[in-house]
Amino acid sequence: MAAKSYPYIPNSVAEVQEEMLRFIGVGSIEDLIADIPEEVRMKEPMELPEPFEDEAGIYRHVSGIMNKNSTAEELRCFLGAGCYNRYVPAVVDEVINRSEFLTAYAGEPYEDHGRFHALFEYQSMMAELLDFDVCNVPNYDGSQACGTALRMATRITKRKEVLIPRNLNPDVLKVVETYLQPDVKITYVNYNDKTGRICLDSLKACLTDKAAAVLVMNPNFFGIIEDKAQEIADMAHKAGALMVAYVEPSTLGVLTPPSRYGADIACGDIQPLGIHMNYGGGVAGFVATSEKPEIIEEYPSRLFGIAPTSEGEWGFGDVLWERTSFANRDSAKEFVGTHSALWGIAAGVYLASMGPQGMKELGEAILQRQVCLKKVLSKIKGVKLDRFSGTSFEEIVVDFSGTGKTVKEINEKLLEKGILGGFDLGKCFPGLEGCSLLCVTEQTTAEDIKAIADALSEIIG
Amino acid sequence: MNGLTRMKKFHQARWNEPIIYELSEPGQRGVLVPGPCCECASKEEILGTLPEHMVRKDLANLPEIAQLQLVRHYNHLSQENLGVDGNIDIGQGTCTMKYSPKVHERLAGSPKMLHMHPLQPANTAQGVLEIMYKTGELFKAISGLDVFSVQPGGGSHGVLALASVVRAYWRDKGEEEKRDEIITTLFSHPADAAVPIVKGYKVTIIQPDSEGYPDIEAFKAALSDRTAAIFFTNPEDTGIFNVRIKEFTKLAHEKGVLCCYDQANANGLLGITRTAEADFDMSFFNLHKTFSAPHGCGGPATGMVAARKELRPYMPVPLVEYCPEKGYYLDFDLPKSCGKIKSFWGVIPVVLKAYSWIMTLGADGLREVSRVAILNNNYCMKKILAIKGASMSFPNHPSRIEQVRYSWEKLKKDTGFGTADVQRCIADFGTHYWSSHEPFVIPEPFTIEPSESYSKKDIDDYCAVLEEISRMCYEEPEAVEHAPSNSTVHHIDHDYFDDPAKYSITWRSYNRKYKGYFEPK
Amino acid sequence: MKIGFLINPVAGMGGKVALKGTDGEDILRRAIELGAVPAANSRAEIALALFREAASYHYFYAPAGEMGGKLLSENGLKPEIVFDPAEKTTADDTKRAVSLMLEAGVEAIVFAGGDGTARDVCSVAGEKIPVIGIPAGVKIHSAVYAKRPKDAGMLVKNLLQGKVKRYVLAEVMDLDEDAFRNNAVRAELYGYMKVPDDREFMQDRKSGSSGSDTNETLDIAAFTVNGMIEDEIYLIGSGSTTNAIFQTLGKEGTLLGVDAVVNRELAGKDLMESEIKKLLLDHPKEKRHLVITVIGGQGHIFGRGNQQLSPDVIRMIPRENILIIANSSKMSALFGKTLIADTGDPELDEELKGYFPVITGFGKKIMAKVG
């Protein structure tokens with residue numbers, strides 16, 4: 001019998017429990033589970049720490065731990081590499097913290113109509129951004145979206161091999177490699193060491209009629225724009241393969257969407273569309289395509305569609321529901337579960353609040369800051385900005401190899417000055433030791449740029 | 001007005017809300033974006049750096065809407081949902097719809113969480129790493145196992161993680177090709193069957209015996225030296241606890257088979273029985289179910305994985321570790337790891353909420369959660385079984401843990417109305433109701449799970465609603481025919497979801513196919 | 001919609017006077033002597049009551065009089081008469097009616113009767129258009145019938161209201177009525193007809209769909225073919241699920257006969273028992289396989305399909321090489337029941353008892369008990 005009352009457990013009150021037990025006709029709760037055998041019972045209570053039962057206590061405890069963090073907001077953040085310090089408008093937080101959106105789950109399109117409506121709008125806005133006709137309800141993250149897109153390509157073409165460039169985000173690559181096991185073969189395409197872009201000769205050598213897809217990340221992990229993407233798509237199509245493009249969606253206010261340079265499937269992560277970074281937890285993936293039936297058939301995810309109601313309202317529901325878990329003729333389709341719906345709603349709010357003009361201005365703001373950063377850094381002796389000749393968008397490769405200091409050392413010193421340095425490329429890419437990937441966002445200020453320049457000057461000496 | 005009368009008078013918010021594009025007005029802006037940070041370069045110079053053919057010439061066709069109109073639109077949409085916060089959500093059985101304490105939202109909404117970049121050096125992220133590590137420690141106690149991972153983004157993802165670990169384990173033992181089968185049960189979560197197939201396994205499903213337990217003789221017949229692992233949900237979705245579970249793990253271990261526990265249905269077990277006591281090697285928990293993180297319309301979520309220390313080498317990389325010299329850090333040194341299943345490290349805000357919940361309740365509190373979940377379920381069960389037309393799956397097995405799968409078989413026989421009709425009707429009472437996972441072997445099923453968040457009155461009110469709907473089926477069939485009438489919209493025409501000529505997944509697709517209101521172009 | 005409607009007036013007359021069926025003039029005469037009255041009509045009426053309102057704007061085609069025209073007219077649904085049968089109706093009348101209805105362009109046929117009626121309808125209609133069976137006969141074995149007349153009525157109503165989106169193939173069993181009268185059930189798979197899938201109104205939105213039967217059948221077939229070992233012989237038994245194997249192979253097998261496959265090529269078609277034995281002897285015992293499906297409402301793996309799969313033949317195949325394949329909907333319908341092996345040899349039946357995995361999807365098997 002509970003000796004105390006728990007705020008989250010209304011029926012922990014002793015009298016209520018007695019009443020309920022009487023109604024059921026047993027003497028105690030233990031009677032209800034008498035058949036759970038001794039051999040599987042815990043002999044001791046769980047060894048958990050002393051709880052903080054009052055709300056002030058738990059608040060103090062948890063925020064005390066979290067206060068040990070230094071955040072990208074408190075520091076000057078030049079880290080990107082797949083997660084971006086985007087400014088999240090207050091309206092986005094307002095909407096996704098509405099308790100109905102926060103606590104709804106799997107109701108029908110009647111009593112949970114709002115979430116279908118909101119996600120349909122998200123799908124619609126993403127489709128416009130990507131210039132495709134179909135976009136799915138969000139995946140777990142961009143990596144899973146990429147894995148899904150590649151598997152879709154294998155099902156559509158009935159081939160079992162995919163071509164992946166070595167300048168793909170290494171974290172995405174790792175997840176994709178796991179996701180494609182054990183049945184899909186990966187062939188790696190090299191990048192050109194001078195330009196940083198996919199090497200077309202390497203692609204030509206790897207591409208056979210066994211390939212289901214050629215993946216292009218654009219801009220690639222080095223922040224460089226793959227300007228030969230159309231050629232790559234043509235080569236893929238000639239071999240009977242699909243071209244899958246992994247893109248950063250917030251660049252598409254300024255950059256051409258992949259559907260216009262031959263991509264059959266676009267995928268990526270919507271984190272940069274108004275989702276807080278959350279230490280990597282604010283991620284959600286998208287897959288977008290044309291409306292060709294043979295392609296739509298192969299989506300494993302939910303797709304919400306619009307339909308009329310008996311009284312002329314907008315109604316929603318699942319399109320081609322049958323398709324969600326049935327197998328392809330020689331391998332199983334993937335699965336549907338609880339993914340990242342709320343982040344999809346957030347991205348919808350973000351895109352609506354930005355509008356067409358806003359997305360363009362966002363891209364321009366980012367690009368301007370990148371150009372500015374480059375200009376300022378080029379003045380520092382020992383810092384090289386020409387490791388790759390390709391054009392950058394929001395991230396640049398900075399070569400410190402001539403300074404005699406490693407990226408690790410430089411980043412440690414930068415941190416002492418309150419600056420989060422870039423991603424150490426040497427960790428994942430042979431031949432890029434000493435190179436750092438620096439990122440700017442629309443939040444990067446002139447002071448930030450001056451600060452990092454001054455700090456680097458001092459560190460390099 | 002009593003509870004039932006109130007609920008019968010319920011009318012959901014019905015805004016006839018337009019599609020956001022219909023609210024778009026040229027020139028409106030929701031938020032403004034920063035301009036250039038300085039004057040160091042002209043706009044032409046900046047755009048000139050891009051290859052011409054990669055520059056987008058048009059503006060993306062997004063809605064143009066001012067901020068208030070935007071907020072109002074989404075508020076309307078929000079009101080057209082029934083979250084746990086708005087209804088007696090015991091009808092979504094197996095989802096464990098419980099209260100998500102608001103203090104956790106406050107904590108997860110702190111800048112100390114929101115603004116953390118995943119690639120920050122560990123010494124700037126000690127707070128968040130400590131939360132991840134300590135949550136793992138809590139789950140070691142809750143499961144009785146030794147290592148953990150917060151990486152999977154949901155329950156099915158948890159199954160994927162376990163299946164990946166299984167594969168990596170057998171690869172290391174040199175038996176990857178040979179061990180290509182997995183055994184699960186009919187009433188385990190469907191993901192236990194569907195997900196391993198994606199990982200290249202063949203799955204054998206064990207049916208229940210007449211008492212509702214997985215048939216152990218069938219299990220013995222299925223078990224072979226080709227079996228890689230077993231995946232069992234316990235209690236199963238019927239609410240029946242497999243009392244012979246240890247016999248199953250014993251038989252499996254005799255053949256060297258790995259035992260994976262799907263603990264999606266853990267709400268009735270906390271402090272009573274655990275993964276370790278049932279002799280399982282690995283398990284996962286849904287932090288967005290039993291452990292209180294909110295469902296978010298379908299994620300983000302987390303399927304927390306726990307495993308015996310022998311399986312550590314195969315866990316998804318990285319693991320969160322601690323040592324006095326380094327503090328908390330991410331350990332990537334797992335050469336035999338099954339790989340990586342998610343971007344970055346996991347859905348950390350969800351982990352934070354689960355941590356906070358466990359640390360608020362403690363061992364005694366968690367035990368009380370399960371005790372009350374069991375009490376609520378059995379109380380509710382007695383009430384529902386008294387309703388005309390309702391019965392229980394496996395009626396000879398009276399004992400259930402935290403949920404029950406019922407059947408409206410008699411109602412259907414008597415009135416022609418079944419579970420799908422009840423589902424339509426219940427929207428008029430301001431609440432939800434869910435039938436069952438596939439396969440639909442229990443006729444006209446419904447699954448009710450009154451977690452510990454609900455009061456006695458809540459349960460009384462919900463059962464009164466079911467009783468009322470039953471009465472309507474017997475006595476007012478026309479009313480049932482026309483339901484729902486007080487929901488957000490009226491009857492949706494399902495013809496528009498399966499035909500390529502008719503379906504529209506996006507607004508632009510709709511506008512290409514139709515003009516006005518579904519007038520074909 | 002244009003709907004065909006027919007009643008077999010003599011169906012079900014044997015039951016009440018313990019004659020178990022009315023195949024054949026003699027038996028029918030005996031039944032009438034014993035005071036049997038036509039039951040099919042009243043069953044059809046029960047069903048009609050449920051769909052009468054929904055039927056208003058649709059067109060019905062029926063034979064005159066007791067074969068359906070009278071009942072429809074009495075209920076305000078004046079039908080197009082396809083022909084006028086004589087007073088003593090026979091199986092030929094059923095077949096003729098169906099033939100004429102198809103000519104008239106009906107989109108579905110609703111019929112009331114028993115196994116014999118279903119077989120007669122099937123012999124003409126096959127899988128061409130969907131059908132709905134109103135059960136009126138004695139203990140019915142064919143799955144084309146709804147459980148009760150009321151259920152059939154609801155299905156017709158849904159059909160008329162355009163609510164039916166999915167169809168499944170249902171078995172038509174040919175029941176040996178003489179044997180039945182002597183308390184032996186001998187039925188054989190006759191064929192299939194298309195019926196509305198009455199499970200379609202439930203959906204599990206959280207975990208995805210298991211898909212329609214048709215797609216699942218192809219998955220099962222693909223998985224089975226994938227597992228075929230080089231140079232080993234596979235006998236393929238009767239049934240639509242097993243027949244899908246040939247669709248996957250791009251070859252033509254027989255729906256109701258026993259065929260053989262070696263190295264994905266057709267090694268024998270519609271084989272007799274002696275031919276089967278000969279083919280099997282060309283391969284060592286461990287390389288012989290038998291692929292069968294579950295037939296009939298009681299879950300027969302042997303006994304409702306092919307006589308060619310005699311006890312001798314079955315003994316020539318190792319038990320672990322007997323591969324059972326079936327749709328998950330079939331297995332769900334048999335939930336709680338054991339499968340039946342009725343080979344004709346009780347000793348063999350005893351040997352076959354125990355557990356068999358049944359393939360129900362791509363990579364998916366369910367353990368079933370044969371008892």
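Let me begin with chain A, where helix α12 and helix α14 pass one another in a right-handed crossing. I should say at once that this is a predicted model, and everything that follows is to be taken in that light.

The two elements are α12(A), residues 341-378, and α14(A), residues 446-460, and their axes come within 10 Å and cross at roughly 25°. Since angles under 35 degrees count as roughly parallel, α12(A) and α14(A) are therefore described as roughly parallel to each other. On the α12(A) side, the residues in contact are R369(A), C372(A), L373(A), V376(A) and L377(A), and they meet I449(A), I452(A), A453(A) and L456(A) on the α14(A) side. By class, that contact of α12(A) with α14(A) has eight nonpolar residues, no polar ones and one charged residue.

Turning to chain B, we have a pair to set beside this, namely helix α11, residues 348-385, and helix α14, residues 456-475, whose axes come within 10 Å and cross at roughly 30°. That angle makes α11(B) roughly parallel to α14(B), and α11(B) passes α14(B) in a right-handed crossing. Here N376(B), Y379(B), C380(B), K383(B) and I384(B) from α11(B) meet K456(B), I459(B), D460(B), C463(B) and L466(B) from α14(B). The residues of this contact of α11(B) with α14(B) divide into six nonpolar, one polar and three charged.

Staying with helix α11 of chain B, I would like to draw your attention to L366(B), which lies in that helix. Is L366(B) buried or exposed? At 0% relative accessibility, L366(B) counts as buried, the limit for that word being under 20% relative accessible area. Leaving aside residues up to four places away in sequence, L366(B) touches M46(A) and L48(A), and from chain B it touches I142(B), L270(B), W357(B), I358(B) and L361(B). As for T227(B), it is 139 residues from L366(B) in sequence, and the two are 35 Å apart in space, C-alpha to C-alpha.

My last residue is T184(B), which is found in strand β2 of chain B, residues 181-185. T184(B) counts as buried, because its relative accessibility is 1%. Which backbone oxygen lies 2.7 Å from a polar atom of the side chain of T184(B)? That oxygen belongs to F231(B), and F231(B) also appears among the residues that T184(B) touches, not counting residues up to four places away in sequence. The others in that set are D192(B), A193(B), V203(B), T204(B), I205(B), I206(B) and F232(B).

Key:
Residues are numbered from 1 along each chain as its sequence is written. Chains are lettered from A and ligands numbered from 1 in the order in which they are written. This is a predicted model: local features need pLDDT of at least 70, side-chain atom pairs count only at pLDDT 80 or more; totals for chains, interfaces and linings use all residues. Side-chain values use heavy atoms; hydrogens and water are left out. Axes are lines fitted to C-alpha atoms, for helices over the stretch in contact, and angles run from 0 to 180 degrees between N-to-C directions. Helices (H or I, at least four residues) and strands (E, at least two) are DSSP runs, numbered from the N terminus. Angles under 35 degrees count as roughly parallel, over 145 as roughly antiparallel, 65 to 115 as roughly perpendicular and the rest as oblique. A crossing is left-handed if the near helix is turned anticlockwise from the far one by less than a right angle, and right-handed if clockwise. Contact means heavy atoms within 4.5 Å. Ala, Val, Leu, Ile, Met, Phe, Trp, Tyr, Cys and Pro count as nonpolar, Asp, Glu, Lys and Arg as charged, and the others, Gly among them, as polar. Buried means under 20% relative accessible area, exposed over 50%, partly exposed in between (1.4 Å probe, protein chains only). A polar contact is a pair of N or O atoms within 3.5 Å; within protein, one must be able to donate a hydrogen and the other to accept it, and residues adjacent in sequence count only if both atoms are side-chain atoms.
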